[in-house]
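Work through the exercises below with the model open. Each task is followed by a stepwise solution.

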Amino acid sequence: MRVKPTPTAERTVSEVAASGRENLLVVIGTGCCDSTAPYLFDNHYPGPDVVEVGEVSGVKILAPAWLAKARGEAELVLDCEPEQSSDSMSLECELGLRMTLRLAG
Amino acid sequence: MREYQNYVDGEWVEALSGETMDTTNPSTGEAVSRVPKGGRDDAQRAVAAARRAFDGGEWSDMPVERRVEIVRDVANRILDKVSDIAAIETDEAGQTIRMSSLFGIPLAPEHMRAMCSTMLSLPELEPLPFNNYPAVSWNLASYEPYGVCGQIIPWNYPFIMAVWKMMPALLTGNCVVVKPASYTPSTALELAKIMEEAGVPKGVVNVITGPGGAVGEELCTSAGVDKIAFTGSTEVGRRVMQMASGTVKKVTLELGGKSASILLEDADLDVAVPGALWGTFLHAGQICESGTRLLVPSSIYDEVCERLKAVTETLKVGPASDFDSDLGPVVSAAQLKTVMDYVQIGLKEGAKLLTGGERLTGGDYDKGYFHQPTIFVDVDNSMTIAQEEIFGPVLSVIKYDTPDQAVKIANDSIYGLGGSVWSTDIPQAIAIARKIRTGTVWINDFHLINGLFPFGGYKQSGVGRELGSKGLREYQQVKHIHVDQTPRKDQKFWYMVLGV
């Protein structure tokens, strides 16, 4: 599983970093209402069993090892879309945006 | 379009910023409601109101019988408004009107009545076992409210989830600040209106709409909040837990699921096949404990698949407000795209489509987010579609050879929320149910959550329980009271340890 960011995702993460948030990471989370989705958090412990699957603006993109294994060689795209009312607690939501994870191509 | 205000300290108020946000009908793409776009300052105002109400004692010191009376009154008032609330739930959450008016909303007052009767059966002060070491003492457990509870509600069952969180908190004497989901905030605000009419004192119930990043984060980190309850994704649950750790809050979480239905060889297929579909496709699969993996013995695999296909292809997908629709839309354009991506992933990984697999388009379908009920066969449990929660109308059918193998497959998941066993041999079904590492197992049914019984997750599906006596106790601290029975100093030989 490899995740590549779009220029929009790069800009968004840079903007969040510039706002003063520290120790950023993107973690691919799973389950319930959000299904599998990316989250941009600061000072966050993503669990003991994560692997690096990409990088966006100098910030690591992590995924649970079981998820990375299940997705095999899949190439995914990290993007950002306008979203005014996200409940994800992901930090880009403060900018009225929400990260998405989509199949490449 | 309906317009709402937030409910804080017994008043209906706009967001301090004056900002608003609109909700969208997933069947039509049209705006449904306009609500305040609350921020951290609104959440702080609500927490302060709840704190004052709790510390004032009007609610927490009220006899439990009176609190039960008020909650029962709220339940009766909900029953009078079932069709109105159901219509809003259908407009915002995309629950079919058949589901919201016959199942989703009417269950709420039923669950409330169950909570009330359970509450009255739980002692507030409980004698503990006899103790005579180092000397005789009487010992009591006192069950007491935490104080202010922050409660974050998901969008799939917005009304009943608000009930599941608010009512146990209130019955046990807590005050609440509720953050409904931003897609579906209206019915929680309707519930607040009903509670105001029923005479719940001001500040006891506060409802703040606004994005999770602002309102939710404030509730999780605030020193004024004593307990946080959250239903939603596993990663956000992990985030909630970490944010709550700063003030060492009590946390309960109900998170993701990838529940397995184990169909045994002796199952009555006339019940099990529609039952498995009921377990999967209700609310277009947007239920955390949905049975999205169906495990079928090799000996009857082909027959079961044939029956699944035949029944599924009779299901009508349509606007949620149409009483003839069996499935409505998924909640948003983003969720529809997610479901479509998973179908592609399933095909790429080698699963075969038995039926469905497409977005529905043309005519009114183009206005909303509709997807065919979809069944994959020849699924291996290691495939993405069998491991990840899709939160859409997608069922994976997995073959097994022995019941032990079925249990192993069922447990091969990071989740453990629900599940089912389908069999005519009930002792065998119970034995298998006990081996599944999951919070609820239905035998020969699915989704029948009851207010009398606990609901929650094993593994990464959550922490704590909702409903039943366990669910009520989650909102209470336990205090041990020791009553000394050695009145004379010379009886207290342990004082000599200090030499006093």
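**Exercise 1.** State how much area chain A and chain B bury between them, and which residues of chain A lose the most.

*Solution.* The model is predicted. Start with the total: chain A and chain B bury about 3100 Å² between them. Carbon and sulfur atoms carry 52% of that area. Next, take the side of chain A. Cys32(A), Cys33(A) and Met89(A) lose the most area to chain B, together 24% of what that side buries. Finally, count contacts: 32 residues of chain A touch 48 residues of chain B.

**Exercise 2.** Describe the polar links across the interface and the elements of chain A behind it.

*Solution.* Count salt bridges first: the rule finds five across the interface. One salt bridge joins the side chains of Arg71(A) and Glu388(B), at 2.7 Å from N to O. Then count polar contacts: 23 residue pairs, both residues at pLDDT 80 or more. Now assign elements. Strand 2, strand 3, helix 2 and strand 7 of chain A each supply at least two residues of the side that touches chain B. Helix 2 gives the most, with four residues. Last, sort that side by type: 13 nonpolar, twelve polar and seven charged residues.

**Exercise 3.** Which strands stand at the edges of the seven-stranded sheet in chain B, and which helices lie across its strands?

*Solution.* Write the order: 15-16-17-14-13-19-20, an open sheet with mixed pairing. Strand 15 and strand 20 each have a single partner strand, so one side of each lacks a neighbour in the sheet. Check one pair: strand 13 and strand 14 run parallel, joined by three bridges. Ile262(B) has Leu295(B) as its bridge partner in strand 14. Now add the helices. Helix 10 of chain B runs at about 135° to strand 17, and helix 12 of chain B at about 20° to strand 16.

Methods:
Residues numbered from 1 in each chain as written. Chains lettered and ligands numbered in written order. Predicted model: local features only at pLDDT ≥ 70, side-chain atom pairs only at ≥ 80, totals over all residues. Heavy atoms only, no water. Contact = heavy atoms within 4.5 Å. Buried area = accessible area lost by both parts, 1.4 Å probe. Salt bridge = Lys/Arg side-chain N within 4 Å of Asp/Glu carboxyl O. Nonpolar A, V, L, I, M, F, W, Y, C, P; charged D, E, K, R; others polar. Pairing = 2+ DSSP bridges. Axes fitted to C-alpha atoms, helices over the stretch in contact; angles between N-to-C directions.
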